[in-house]
Structures are given as structure tokens and as C-alpha cells.
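Welcome! Please take a moment to look over the sequence and the structure below, and then follow along with this short tour.

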Amino acid sequence: MAEPNRPRSPTQELIARVLRIVRASPDAASEMLELMFLVSQIEALTSVDREYRDARRVISRLRNPLWDMGPADRENLLKAAETIRKVCNLKEKDIPVTPLADLGERERIERHLVAVLGKELDAVQIARVTGAVAAALQL
């Protein structure tokens, strides 16, 4: 006998929506995996990212995707963005219009990377990693 549908957590709901997008639009898979990684970082780093700056950027990125898609896929992205907004208890005015709108993010990322990887990487390597992260986030 099939198990009755249990309510999903916001994270489970988000993952289910992302998987539907990836199945419907395989070309978007790498971007969606990157977004899922960022979402997992939001959950893991809420004690570090008390202002939910990463969540705001992900929401903005979901609302402004980098690839073309149909209306149904677009609606799924908007639902995923809204799920993250609700989970983080963010107001609409807190969300940047574009992922680029959050000034100072590159410096913030670099500070965190230095704190975490400063003993393992030199300044040049940290700058390269920061550049890669910033490019991925469209800073």
C-alpha cells in the first residue's frame, strides 16, 4: 500500500521543484545544481549569514535565470524563489532586483574564504577562488 502524502519541509519542496526543472530543461542542470549548492550553504551558514544575503542573491537569481525557458519552468523557478523567501522570513523589499545589486559581496566572500582557507591557500589562490565564486554568483 502506498504511503500517504506527508507534508514536505520547505527544503524538500524546493528540491522537488528543482528536480522537475532539471528534468524538463536539462540545459539548466548545471545552473540549478549551483543554486542548490548555494541553498545548502544558506542552511549551513545561517549562523554566519544572519542577514540572509546569500538567500537574497539566490532568490534574485531564480527570478532572473541565465537561460531561456518556457512559462511552466519559469513558474517553477518563481515558486522556488518564493519558498526560499518564506523559509528565511524575508520581506519582498529585502530582495535585490538583480543578483548584482548587493554591493560589497565580493569583499564579504573574500573575508569568509580567508577565515576558512587562509591557512591552506595563499593570497593569490584566495583571490582566484573569490573571483570564481563572484563570477558564479554574477557579482
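## A network of salt bridges

In this predicted model, Arg63, Glu82, Arg85 and Glu92 are linked in a network of salt bridges. Side chains of opposite charge can pair when their charged atoms come close. The structure holds four salt bridges, and three pairs are worth visiting one by one here.

Start with Glu82 and Arg63, whose side chains meet in a salt bridge at 4.0 Å, N to O. This pair links distant parts of the chain: Glu82 sits in helix H4 (residues 71–87) and Arg63 in helix H3 (residues 53–63), 19 residues apart. Next, Arg63 also forms a salt bridge with Glu92, at 2.5 Å from N to O. Since Arg63 lies in helix H3 and Glu92 in the loop between H4 and helix H5 (105–117), the pair ties together parts that are 29 residues apart in sequence. Finally, the side chains of Arg85 and Glu92 meet in a salt bridge of 3.9 Å, N to O.

## Buried or exposed?

How do the members of this network stand, buried or exposed? The cut-off to keep in mind is that buried means under 20% relative accessible area, exposed means over 50%, and partly exposed is in between. Arg63 has 19% relative accessibility, so Arg63 counts as buried. Arg85 counts as buried too, because its relative accessibility is 17%.

The two glutamates fall in the middle class. Glu82 has a relative accessibility of 25% and therefore counts as partly exposed. Glu92 is partly exposed as well, because its relative accessible area is 44%.

## Arg63 and helix H3

Let us stay with Arg63 a little longer. Which residues is Arg63 in contact with, leaving aside its neighbours within four places in sequence? They are Arg74, Leu78, Ala81, Glu82, Arg85, Glu92 and Ile95. With Glu92, the side chain of Arg63 also shares a polar contact of 2.5 Å.

Arg63 is found in helix H3. In this helix, 10 of the 11 residues are buried, so H3 is largely enclosed by the rest of the structure. Among the buried residues of H3 are Arg53, Asp54, Val58, Ile59, Leu62 and Arg63.

## Helix H4

Now turn to the helix that holds Glu82. H4 has 17 residues and reaches 24 Å from its first C-alpha to its last, which is close to the 24 Å expected at 1.5 Å a residue. After H4 comes Asn89, whose phi is positive, near 55°.

Which residues of H4 are buried? They are Asp73, Asn76, Leu77, Ala80, Ala81, Thr83, Ile84 and Arg85. As a help in reading such a list, an α-helix has 3.6 residues a turn, so residues three or four places apart point the same way.

## The nonpolar core

Where are the nonpolar residues gathered? The largest nonpolar core has 20 residues, and those with the most contacts inside it are Met32, Leu35, Leu62 and Ile84. The elements that give two or more residues to this core are helix H1 (10–24), helix H2 (29–44), H3 and H4.

Two of these names have appeared already: Leu62 is among the buried residues of H3, and Ile84 is among those of H4.

## The whole chain

Stepping back, the chain has six helices and zero strands. Read along the sequence, its pattern is α-α-α-α-α-α. Buried residues make up 35% of the 139 residues in the chain. The accessible surface comes to about 8800 Å², and 56% of this surface belongs to carbon and sulfur atoms.

How much of the contact count comes from residues 24 or more positions apart? Such residues account for 64% of the contacts in the chain with a separation of 6 or more. For one more pair to look up, try Glu107 and Thr130, which are 23 residues apart in sequence and 8.6 Å apart in space, C-alpha to C-alpha. Glu107 lies in helix H5, and Glu107 counts as partly exposed because its relative accessibility is 46%.

Conventions. Residues are numbered from 1 along each chain as its sequence is written. This is a predicted model: local features need pLDDT of at least 70, side-chain atom pairs count only at pLDDT 80 or more; totals for chains, interfaces and linings use all residues. Side-chain values use heavy atoms; hydrogens and water are left out. Helices (H or I, at least four residues) and strands (E, at least two) are DSSP runs, numbered from the N terminus. Buried means under 20% relative accessible area, exposed over 50%, partly exposed in between (1.4 Å probe, protein chains only). The expected span of a helix is 1.5 Å times one less than its number of residues. A nonpolar core is a set of buried Ala, Val, Leu, Ile, Met, Phe, Trp, Tyr and Cys residues joined through side-chain atoms within 4.5 Å. Contact means heavy atoms within 4.5 Å. Accessible areas come from the Shrake-Rupley method with a 1.4 Å probe; for residues, only the protein chains shown count as cover. A polar contact is a pair of N or O atoms within 3.5 Å; within protein, one must be able to donate a hydrogen and the other to accept it, and residues adjacent in sequence count only if both atoms are side-chain atoms.
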